[in-house]
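Me: I should like to go through the assignments made for this structure and ask what each of them rests on. Please set each value against its criterion.

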Amino acid sequence: MKQFTSVADVANFLPELIREAIQLKKAPFAYQHLGKNKVLGLVFMNPSLRTRLSTQRAAFHLGMQTIVVNADKDTWKMASGEGIVMDGEAAEHIKDAVAVMGQYCDILGVRSFAGLANKEEDYAEQTLNDFIRYAGVPVISLESATRHPLQSLADLITIEEYKKTPRPKVVLTWAPHPKALPQAVPNSFAEWMLAAGIDLTITHPEGYELNEQFTRGAKIVYDQRQAFKNADFIYAKNWSSYTHYGQILSRDRHWTVTTEKMALTNQAYFMHCLPVRRNVVVEDAVIDSQQSIVIPQAANRVWACQAVLKRMLESL
Ligand code: SN0
């Protein structure tokens with residue numbers, strides 16, 4: 001595997017990849033020879049807790065060394081775009097920085113969030129594509145402007161482990177938030193669930209429709225309570241509007257996930273990728289309940305990442 005940026009990179013062997021991730025839990029150190037004397041570089045343009053730690057942990061299991069670069073703080077400010085005159089703040093061009101990091105690392109991971117100012121720019125994935133183009137080594141997305149594939153793979157593993165029926169009803173629900181957030185997590189979640197053949201319903205207020213490229217095949221239901229009926233999994237997430245790009249159209253707390261709404265479901269499990277705004281996105285009583293699986297979900301980030309890194313190391 002030369003890159004891991006979306007479900008398309010693993011579509012041919014998705015069930016196998018999930019099985020492999022679950023297998024790795026039983027023998028985390030079984031493939032240490034693969035990563036021996038290999039270096040993984042993790043470049044963060046934005047904050048991270050789970051992605052940073054779970055990726056380092058996965059690399060450790062595989063015998064790799066990790067270098068973490070906080071590119072939002074510790075490095076030179078980078079410019080991008082062809083032919084630009086660099087007489088401003090940026091000291092180096094991203095193509096030079098990435099090519100150099102590719103000399104020091106065998107695999108590079110990069111996190112670069114959407115700016116939410118310009119839809120075309122964000123959906124063109126310039127930073128991620130600059131990494132793929134100039135690194136000269138395999139690249140893993142640690143959340144790009146439009147997708148968060150390591151999260152979605154962990155989500156799929158979690159659903160596979162907890163499902164009580166062969167084809168559970170999974171509901172992705174929009175929830176309120178004080179800040180405008182990217183569409184990366186919900187885009188990616190929808191794309192992965194649909195690729196895995198999951199019965200997916202998406203519920204959100206009008207104006208929060210995601211790009212159809214990611215949601216084709218999902219049921220869209222504007223009535224949240226209707227959507228919750230018979231759900232086996234409730235996956236909550238805020239996102240800003242795609243159509244009115246980057247805008248907050250609603251802060252309606254009637255969309256918060258509550259115990260009373262969870263009672264409409266088929267004793268559904270509650271999921272969220274974290275970090276989560278308690279008592280805005282979800283009530284304490286739900287996220288602290290027996291039905292909440294947010295911690296095992298986060299724990300699965302290690303195995304999702306390890307399965308991906310293993311495949312990449314095997315093809316180096
Ligand atoms: C990010 C997002 O894409 O929604 C990362 C999720 C894994 N979340 C945030 O930026 C939350 C920020 C906040 O202030 O709550």
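Me: What makes five residues in the lining of the largest cavity nonpolar?
Reply: In this predicted model, the lining divides into five nonpolar, five polar and one charged residue. Trp-174, Ala-180, Tyr-208, Trp-239 and Ile-248 belong to the lining, and Trp, Ala, Tyr and Ile count as nonpolar by the rule applied. Lys-179 also lines the cavity; Lys counts as charged. His-177, Asn-238, Ser-240, Gln-247 and Ser-250 are lining residues as well, and they fall under polar because their types are in neither of the other two classes.

Me: How do you know which space is the largest cavity, and what is its volume?
Reply: Rolling a probe the size of a water molecule over the atoms shows where empty space is left. A cavity is a set of points where a 1.4 Å probe fits but cannot get out. One cavity of 30 Å³ or more is counted, and the volume of the largest is about 40 Å³.

Me: What makes Glu-143, Lys-237 and Arg-277 polar contacts of the ligand?
Reply: The criterion is a pair of N or O atoms within 3.5 Å. A side-chain N or O atom of Glu-143 is 2.7 Å from a ligand oxygen, a polar side-chain atom of Lys-237 lies 2.7 Å from an oxygen of the ligand, and for Arg-277 the value is 2.5 Å. Each therefore meets the cut-off of 3.5 Å. The protein buries 85% of the 410 Å² that the ligand exposes when taken alone.

Me: Which residues surround the ligand, and how do they divide by class?
Reply: Among them are Phe-113, His-148, Leu-181, Pro-182 and Cys-273. The shell comprises five nonpolar, two polar and four charged residues.

Me: Why are E1 and E3 called edge strands?
Reply: The open sheet has five strands in the order E1-E7-E6-E2-E3, with parallel pairing. E1 (3-4) and E3 (65-70) each have a single partner strand, so one side of each lacks a neighbour in the sheet.

Me: How do you know that E2 and E6 pair?
Reply: At least two bridges are required. Strand E2 (residues 39-44) and strand E6 (residues 107-111) share five bridges in the parallel sense, so the requirement is met. Arg-111 in E6 is the bridge partner of Phe-44.

Me: What is the omega of the cis peptide bond between Leu-274 and Pro-275?
Reply: Omega is about 5 degrees for this bond. Pro-275 is placed in the loop between strand E12 (269-271) and helix H11 (284-287).

Technical notes. Residues are numbered from 1 along each chain as its sequence is written. This is a predicted model: local features need pLDDT of at least 70, side-chain atom pairs count only at pLDDT 80 or more; totals for chains, interfaces and linings use all residues. Side-chain values use heavy atoms; hydrogens and water are left out. A residue is near a molecule or strand if one of its heavy atoms lies within 4 Å of it. A polar contact is a pair of N or O atoms within 3.5 Å; within protein, one must be able to donate a hydrogen and the other to accept it, and residues adjacent in sequence count only if both atoms are side-chain atoms. Accessible areas come from the Shrake-Rupley method with a 1.4 Å probe; for residues, only the protein chains shown count as cover. On a 1 Å grid over the protein atoms alone, a cavity is a set of points where a 1.4 Å probe fits but cannot get out, and a pocket is an open set with protein on both sides within 12 Å along at least five of seven lines; lining residues have an atom within 4 Å of a point. Grid points are joined across faces, edges and corners, and a volume is the space filled by probe spheres set on the points. Helices (H or I, at least four residues) and strands (E, at least two) are DSSP runs, numbered from the N terminus.
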